[in-house]
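I opened this model to look at its ligand sites, its helices and a few loop residues. My entries follow in the order in which I looked things up.

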Amino acid sequence: MEKVALITGATSGIGEATACMFASNGYSLIITGRRADRLKKLKQKLEKDSTRILDLCFDVRNEDEVKKALKELPNSWKRIDVLVNNAGLAAGLDPIDGGSSDDWNRMIDTNIKGLLYVSYEVAQIMKEHKIKGHIINIGSIAGKEVYPNGNVYCATKHAVDALSKGMRMDLLKYNIKVTQICPGAVETEFSLVRFHNDAEKAKTVYDGFEALVANDIADCIWFAVSRPPHVNINDMLVMPTAQASSSVFFKNKS
Ligand code: NDP
Ligand code: 8X3
């Protein structure tokens with residue numbers, strides 16, 4: 001039977017790698033993000049592997065857009081087995097007394113409210129069609145520990161940690177699994193976005209050590225999804241070997 005996964009934030013980094021991983025394992029995919037050109041390109045690439053792909057362009061912060069996109073899915077896409085709540089970002093790395101409310105709102109609206117809007121709609125679909133579904137939330141080491149200047153980003157990922165536990169309890173009776181995957185440093189466009197497109201500054205984050213790559217996290221997501229029906233991975237914390245906590249790294253000095 002055909003399996004369908006919906007991946008938010010599939011235009012880059014972890015989401016894009018996860019889309020490729022699922023496609024190569026025979027899944028049909030609903031790929032989402034705000035950048036329509038990137039979604040189209042990914043759709044064309046994945047369709048070469050004869051996978052069925054639906055690209056949906058919406059901003060997870062906009063509840064009306066999320067509702068419209070997911071309530072008006074074409075009939076042949078009304079079955080979703082796996083949701084990967086991956087869309088998210090950090091904006092800024094500033095002390096609480098020096099941060100910008102614009103950055104705070106972007107993070108809270110995307111990482112917490114966006115995840116909720118999408119999860120609500122997909123949970124309705126899973127319930128309605130009695131699908132033994134699986135929701136994967138992308139948390140972070142920042143959802144386990146706070147680091148200096150990480151304040152609001154860490155708060156949003158702590159919220160994802162709490163929501164993952166709450167969703168697991170509430171959706172248990174519908175046989176819907178909930179897994180949280182919490183990465184340490186992964187070299188993607190994450191730091192470019194965090195530093196408002198300052199590429200020089202973004203690059204320095206990964207200087208002197210080997211960061212994870214998006215595919216390492218896609219591997220973990222696939223591991224969780226491919227367990228037998230009676231097994232659920234609740235939570236997975238995955239770090240580069242050179243990272244011991246949110247702020248302790250072993251870096252080459254040269
Ligand atoms: P990228 O910046 O490479 O990808 C982020 C993705 O999120 C993009 O596809 C982007 O798509 C999407 N996105 C952002 N805002 C919105 C929005 N408002 N509506 C819809 N989609 C949105 O970063 P990563 O791949 O690294 O990040 C993916 C997830 O992993 C995030 O939740 C991040 O917090 C988490 N994470 C990342 C770590 C890292 O070190 N990289 C470590 C721990 C967790 P578009 O711009 O097209 O909308
Ligand atoms: C991203 C990892 O350590 O930059 O969630 O917050 S970190």
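Entry 1, ligand 2. I started at Tyr147, where a polar side-chain atom lies 2.6 Å from an oxygen atom of ligand 2. The model is predicted, and I read every distance here as a property of that prediction. Ser140 also places a polar side-chain atom 2.5 Å from an oxygen atom of ligand 2. For Tyr153 I found an N or O atom of the side chain 2.5 Å from an oxygen atom of ligand 2. I then looked up the cover: ligand 2 has 240 Å² of accessible area on its own, and the protein covers 83% of it.

Next I listed the surroundings of ligand 2, which are Ser140, Ile141, Ala142, Tyr147, Tyr153, Phe190 and Arg194. By class, this shell holds 5 nonpolar residues, 1 polar and 1 charged.

Entry 2, ligand 1. How many residues surround ligand 1? I noted 30, the closest being Thr11, Ser12, Arg34, Tyr153 and Thr188. Tyr153 is thus listed for ligand 1 and also for ligand 2. The shell of ligand 1 divides into 12 nonpolar, 12 polar and 6 charged residues.

I checked three side chains for polar atoms. Arg35 has one 2.9 Å from an oxygen atom of ligand 1. Lys157 has one 3.0 Å from an oxygen atom of ligand 1. For Arg61 the partner is a nitrogen atom of ligand 1, at 3.5 Å. The protein covers 96% of the 880 Å² of accessible area that ligand 1 has on its own. Two or more residues of the shell come from each of α1 (13-24), α5 and α6 (190-194).

Entry 3, helix α1. I compared length with expectation: at 1.5 Å a residue, the 12 residues of α1 should span 16 Å, and the end C-alpha atoms are 17 Å apart, which agrees. Is α1 mostly covered or mostly open? It is mostly covered, with 9 of its 12 residues buried. I wrote down the buried ones: Gly13, Ile14, Gly15, Ala17, Thr18, Ala19, Met21, Phe22 and Ala23.

Entry 4, helix α4. The same check on α4 (residues 101-128) gave an expected span of 40 Å for 28 residues at 1.5 Å each. The end C-alpha atoms are 39 Å apart, so the span agrees. I also looked for a bend, and α4 turns by about 35 degrees at Lys113.

Entry 5, positive phi. Most residues other than glycine have a negative phi. I looked for exceptions and noted Lys130, which is not a glycine and has a positive phi of about 50 degrees. Lys130 comes just after α4, in the loop between α4 and β5. I recorded Lys130 as exposed because its relative accessible area is 75%, and exposed requires over 50%.

Asn149 is another non-glycine with a positive phi, here about 70 degrees. It lies in the loop between β5 and α5. At 34% relative accessible area, Asn149 is partly exposed.

Entry 6, Pro148. I stayed in the loop between β5 (134-138) and α5 (151-171), where Pro148 also has its place. Pro148 is exposed, with a relative accessible area of 65%. Last, I took the separation of Pro148 from Trp77: 71 residues in sequence, and 44 Å from C-alpha to C-alpha.

Notes. Residues numbered from 1 in each chain as written. Chains lettered and ligands numbered in written order. Predicted model: local features only at pLDDT ≥ 70, side-chain atom pairs only at ≥ 80, totals over all residues. Heavy atoms only, no water. Expected span 1.5 Å × (residues − 1). Bend = angle between axes of the 7 residues up to and from the residue. Buried < 20%, exposed > 50% of the residue type's maximum accessible area, 1.4 Å probe, protein only. Near = heavy atom within 4 Å. Polar contact = N/O pair within 3.5 Å; in protein donor to acceptor, adjacent residues only side chain to side chain. Areas by Shrake-Rupley, 256 points an atom, 1.4 Å probe, with all protein chains shown as cover. Nonpolar A, V, L, I, M, F, W, Y, C, P; charged D, E, K, R; others polar.
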